[in-house]
Amino acid sequence: MVQDWQAKADAKRQAILDSIPEKWRLSSVPSAQDQKDVTGPYIQQFLDPKEIEITETDAVGIAKQTASGAWSAVAVAEAFCHRASLAHQLVNCLHETFFDAALADAKALDAYLAEHKRPKGPLHGVPVSLKDQFHVKNVDTSMGYVGWIDTFEGKPDDPRKGKYESEMVRELRNLGAILYCKTSVPHTLMSGETVNNIIGYTWNPKNRNLTCGGSSGGEGALIGLKGSPVGFGTDIGGSIRIPAAFNGLYGIRPSSGRLPYEGMANSMDGQNSILSVVGPLGSTAGAVRLAVRSILSQSPHLYDPMVVDMPWRDAEEQAVFDMAKAVSGKGPLAFGVMKGDGVVNPDPPVLRAIDLVAAAVQKAGHKVIEWKPPSHEKMLKWIFKTWTYDGGKDVHDAFGLSGETVAAQVAMSYGREAREQFKASDIAATNVEQRQSKKEYLDYWNSTAELTGTGRSVDGLIAPLAPYPAARPEGYKYYGFSAWVNGLDLTAAVVPVTLADKSIDKYPEGYEPVSEHDKVVFEDYDAEIYDGAHVSVQIVGRRFTEEKMLAIAEYVGGLLA
């Protein structure tokens with residue numbers, strides 16, 4: 001059995017490499033010690049000037065060029081297929097490539113523009129990468145499981161195999177997007193690091209000693225290397241925001257029911273206390289906004305029964321910019337600032353990033369208050385229960401299809417075999433706790449209106465997304481900073497802030513950890529290893545405030561530039 005699954009994984013890994021055209025293969029890849037950072041000038045050396053220009057333009061800029069015909073969709077697709085191929089060889093970020101299909105679609109888009117004198121949609125000719133949960137016709141979906149290779153979600157004879165497409169894939173095609181690759185995930189999807197037995201470990205391109213994040217880690221690494229201008233991941237405990245933060249990107253965790261999840265592969269399907277949500281990551285806030293607005297233009301509520309009827313709201317977005325400029329008496333904005341959650345304090349680079357953001361918004365004339373919410377420690381206890389309602393049966397059944405080894409990062413939460421399942425009454429009790437927490441937090445948020453001086457409660461909360469700039473392998477052990485947002489189903493956007501600096505990012509002399517979890521984070525910190533890594537924050541808003549949070553993210557990002 002061991003030999004069988006290893007041979008199958010090896011063959012799949014080789015097939016991914018073999019799908020890269022010979023002309024794009026690297027003769028060798030340096031070690032992380034010899035070349036820690038493979039972004040920027042390093043990857044550019046393998047590209048011609050036009051490819052660099054195309055791939056270093058954000059999704060908004062690409063859409064303008066392809067819609068006008070200034071750039072052909074074929075030229076754009078070829079450039080990103082090339083850069084994605086390089087990215088995979090450098091950091092192991094792809095599960096599937098379908099470049100020939102992408103180039104055929106691009107050719108058809110060019111023909112459409114020539115015939116109709118208009119773009120097919122707002123994403124005409126824009127390459128979009130997808131986390132390996134999306135079903136795409138004639139493309140495998142392994143989700144990192146060896147036992148899922150060449151099957152439909154582990155079922156070899158399912159008639160949907162090779163034919164079925166997720167709802168969002170259909171919508172992206174309608175919008176004119178070019179789909180060309182699917183990106184790596186940790187098997188189970190339940191880890192802040194991306195590792196599986198098929199492609200191994202996906203590294204952080206800015207610092208290849210560190211993780212790219214997870215579970216949408218391949219998306220983060222690929223977009224970080226500009227092998228994609230925008231892509232879609234999913235988030236049940238931080239899985240969009242962690243890779244966005246670790247790779248210096250913008251990303252958004254929308255509230256559940258805003259964007260369509262219909263027809264995607266998943267772990268623990270049917271666990272409905274905390275739903276996984278789908279959302280975009282991109283190199284700019286504008287790219288993320290374009291992706292969300294475009295999908296909403298497809299009326300996804302008509303095709304996914306879990307999606308609410310809520311088109312893009314220009315007024316919500318405009319209100320932020322009016323407050324930012326104090327237009328018509330509106331403004332200023334008000335922010336809460338949370339530096340720790342009572343369980344863990346972030347590493348020095350993350351604390352510095354929070355301070356930088358708070359100082360920038362204050363300098364611009366906005367209000368800042370300290371965030372003193374209800375107990376996060378109490379809330380996290382019920383949140384973490386939801387991930388193991390079935391005792392790990394779903395994920396261990398998937399492992400059992402091949403007999404493959406469970407990665408240490410996943411075994412941390414799910415062990416090496418399934419455990420006792422929750423009773424229905426236990427799940428009901430957890431759902432009651434969730435409802436109570438939502439009400440308690442809502443009341444607290446409302447109460448901040450008395451402190452902001454604006455007559456309104458805070459518009460957004462500046463908070464850490466993870467304790468680390470980016471974790472070391474097997475070092476991501478605390479999810480409290482991201483998971484509480486999922487538990488309360490709030491909207492949160494990631495904003496890149498700075499880079500870790502070993503000369504200034506140091507714990508104060510005599511620092512005393514506030515808990516055992518904090519002690520683990522503190523003792524793992526190494527300023528030398530983290531030096532140069534991306535450092536980001538999340539800005540959290542109320543439920544269904546996607547337009548508002550993207551506008552705030554864009555505005556705050558501009559203040560930091």
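Is glycine 237 buried or exposed? In this predicted model, glycine 237 has a relative accessibility of 7% and therefore counts as buried, the limit for that class being under 20%. Glycine 237 is located in the loop that connects β8 and α9. Leaving aside residues up to four places away in sequence, the contacts of glycine 237 are Trp387, Ser482, Ala483 and Asn486.

Isoleucine 236 belongs to the loop between β8 (230-235) and α9 (241-246). Its relative accessible area is 10%, so isoleucine 236 is likewise classed as buried. With residues up to four places away in sequence again excluded, isoleucine 236 touches Met190, Gln271, Ile274, Leu275, Ser276, Trp387 and Asn486. Trp387 and Asn486 thus appear among the contacts of isoleucine 236 and among those of glycine 237.

Both residues carry an annotation. An unreviewed UniProt entry assigns the feature "binding site" to Leu189, Ser215, Ile236, Gly237, Gly238 and Ser239. Although these positions span 51 residues in sequence, no two of their C-alpha atoms lie more than 10.8 Å apart, so the annotated residues gather at one spot. Of these residues, Leu189, Ser215, Ile236 and Ser239 are included in the lining of the largest cavity. Serine 215 is situated in the loop between β7 (207-211) and α8 (217-224), and the peptide bond that leads from glycine 214 into serine 215 is cis, with omega near 5°.

A second region is organised around strand β11, which comprises residues 334-337. Side chains in a regular strand alternate between the two faces of the sheet. In β11 both faces are covered: Ala334 and Gly336 are buried on one side, and Phe335 and Val337 are buried on the other. Strand β11 runs parallel to β12 (residues 367-370), to which it is joined by 4 bridges. A further 3 bridges join β11 to β13 (residues 460-463), and this pairing is also parallel. Phenylalanine 335 takes part in both pairings, with valine 368 as its bridge partner in β12 and glycine 460 as its bridge partner in β13.

The connection from β11 to β12 involves helix α12 (residues 348-363), and the three elements make a right-handed β-α-β unit. For the 16 residues of α12, a rise of 1.5 Å a residue predicts a span of 22 Å, which agrees with the 22 Å separating its end C-alpha atoms. The buried residues of the helix are Pro348, Pro349, Val350, Arg352, Ala353, Ile354, Val357, Ala358, Ala360 and Val361. An α-helix has 3.6 residues a turn, so residues three or four places apart point the same way. The buried residues of α12 pack against strands β11, β12 and β13, and also against β14 (491-499), β15 (534-541) and α21 (546-560). Just after the helix, glycine 365 adopts a positive phi of about 100°.

Positive phi values also occur in residues other than glycine. Asparagine 92, with phi near 65°, lies in the loop between α5 (73-91) and β1 (94-97). Its relative accessible area is 24%, and asparagine 92 is therefore partly exposed. Aspartate 489 has phi near 60° and is placed in the loop between α18 (480-488) and β14. In contrast to asparagine 92, which is partly exposed, aspartate 489 is buried, with a relative accessible area of 6%.

How values were computed:
Residues are numbered from 1 along each chain as its sequence is written. This is a predicted model: local features need pLDDT of at least 70, side-chain atom pairs count only at pLDDT 80 or more; totals for chains, interfaces and linings use all residues. Side-chain values use heavy atoms; hydrogens and water are left out. UniProt positions are given in the numbering used here, feature names are shortened, and annotations may be inferred rather than shown by experiment. On a 1 Å grid over the protein atoms alone, a cavity is a set of points where a 1.4 Å probe fits but cannot get out, and a pocket is an open set with protein on both sides within 12 Å along at least five of seven lines; lining residues have an atom within 4 Å of a point. Helices (H or I, at least four residues) and strands (E, at least two) are DSSP runs, numbered from the N terminus. Buried means under 20% relative accessible area, exposed over 50%, partly exposed in between (1.4 Å probe, protein chains only). Contact means heavy atoms within 4.5 Å. Two strands pair if DSSP finds at least two bridges between them. A crossover is right-handed if, with the strands pointing away from the viewer, the path from the first strand over the helix to the second runs clockwise. The expected span of a helix is 1.5 Å times one less than its number of residues.
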